[in-house]
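Hello,

Here is the structure I promised to pass on. Have a look at it first, and then read my notes below.

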Amino acid sequence: VGAVSAKAMKSLAINLLLFHVGGRAYFYSAINTPPGEEGNTWIGSLTLGEQSYKNFRHMGFWKLYVTSFYFAAMTVTTVGKLKINQKHFGSAVGFVV
């Protein structure tokens, strides 16, 4: 059981690191978009329920980071066939945790 637990923890740590790095890349690409073109980015066109991210530069850092992390996790785990089906930001946070 100890070896299985160690492998599971190692796999979890590697996946979390991958999601973190991917999330930071998404976050960096969105933040460095020229002003006025925010709606053309991956996050600017995103809508979770009634929450629109069109003016994402005015949102808090953690909300943007969790969204980026979630987006990276969904991209990696669905092999590019991304379907964001979370209706509320809290659901995305629950998925990440």
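**What I found**

Following the sequence from start to end, the elements of the protein chain come in the order α-β-β-α-α. That makes 3 helices and 2 strands. Please keep in mind that this is a predicted model.

A word on confidence, then. The mean pLDDT of the protein chain is 76, and 79% of the residues reach at least 70. Of its elements, helix 1 has the highest mean value, 84, while helix 3 (residues 89–96) has the lowest, 55. Where pLDDT is low, the predicted coordinates should not be read in detail.

Now to the inside. Of the 97 residues in the protein chain, 29% are buried. The largest nonpolar core has 11 residues: Phe27, Ala30, Trp42, Ile43, Leu46, Leu48, Tyr53, Phe56, Met59, Leu64 and Phe71. At least two residues of this core come from helix 1 (2–31), and at least two from helix 2 (61–77). As for contacts with a separation of 6 or more, 51% of those in the protein chain are between residues 24 or more positions apart.

On the outside, the protein chain has an accessible surface of about 6,400 Å², and carbon and sulfur atoms account for 63% of that. There is also a nonpolar patch on the surface, formed by Met9, Leu12 and Leu16, which together have about 290 Å² of accessible area. Leu12 belongs to helix 1. Is Leu12 buried or partly exposed? Leu12 counts as partly exposed because its relative accessible area is 44%, which lies between the 20% and 50% cut-offs.

Best wishes

Technical notes: Residues are numbered from 1 along each chain as its sequence is written. This is a predicted model: local features need pLDDT of at least 70, side-chain atom pairs count only at pLDDT 80 or more; totals for chains, interfaces and linings use all residues. Side-chain values use heavy atoms; hydrogens and water are left out. Helices (H or I, at least four residues) and strands (E, at least two) are DSSP runs, numbered from the N terminus. Buried means under 20% relative accessible area, exposed over 50%, partly exposed in between (1.4 Å probe, protein chains only). Contact means heavy atoms within 4.5 Å. Accessible areas come from the Shrake-Rupley method with a 1.4 Å probe; for residues, only the protein chains shown count as cover. A nonpolar core is a set of buried Ala, Val, Leu, Ile, Met, Phe, Trp, Tyr and Cys residues joined through side-chain atoms within 4.5 Å. pLDDT is the predictor's confidence in each residue, from 0 to 100. Patches are made of residues with over 30% relative accessible area and no salt bridge: like charges are joined within 9 Å, nonpolar side chains (Val, Leu, Ile, Met, Phe, Trp, Tyr) within 5 Å. A salt bridge is a side-chain nitrogen of Lys or Arg within 4 Å of a carboxyl oxygen of Asp or Glu.
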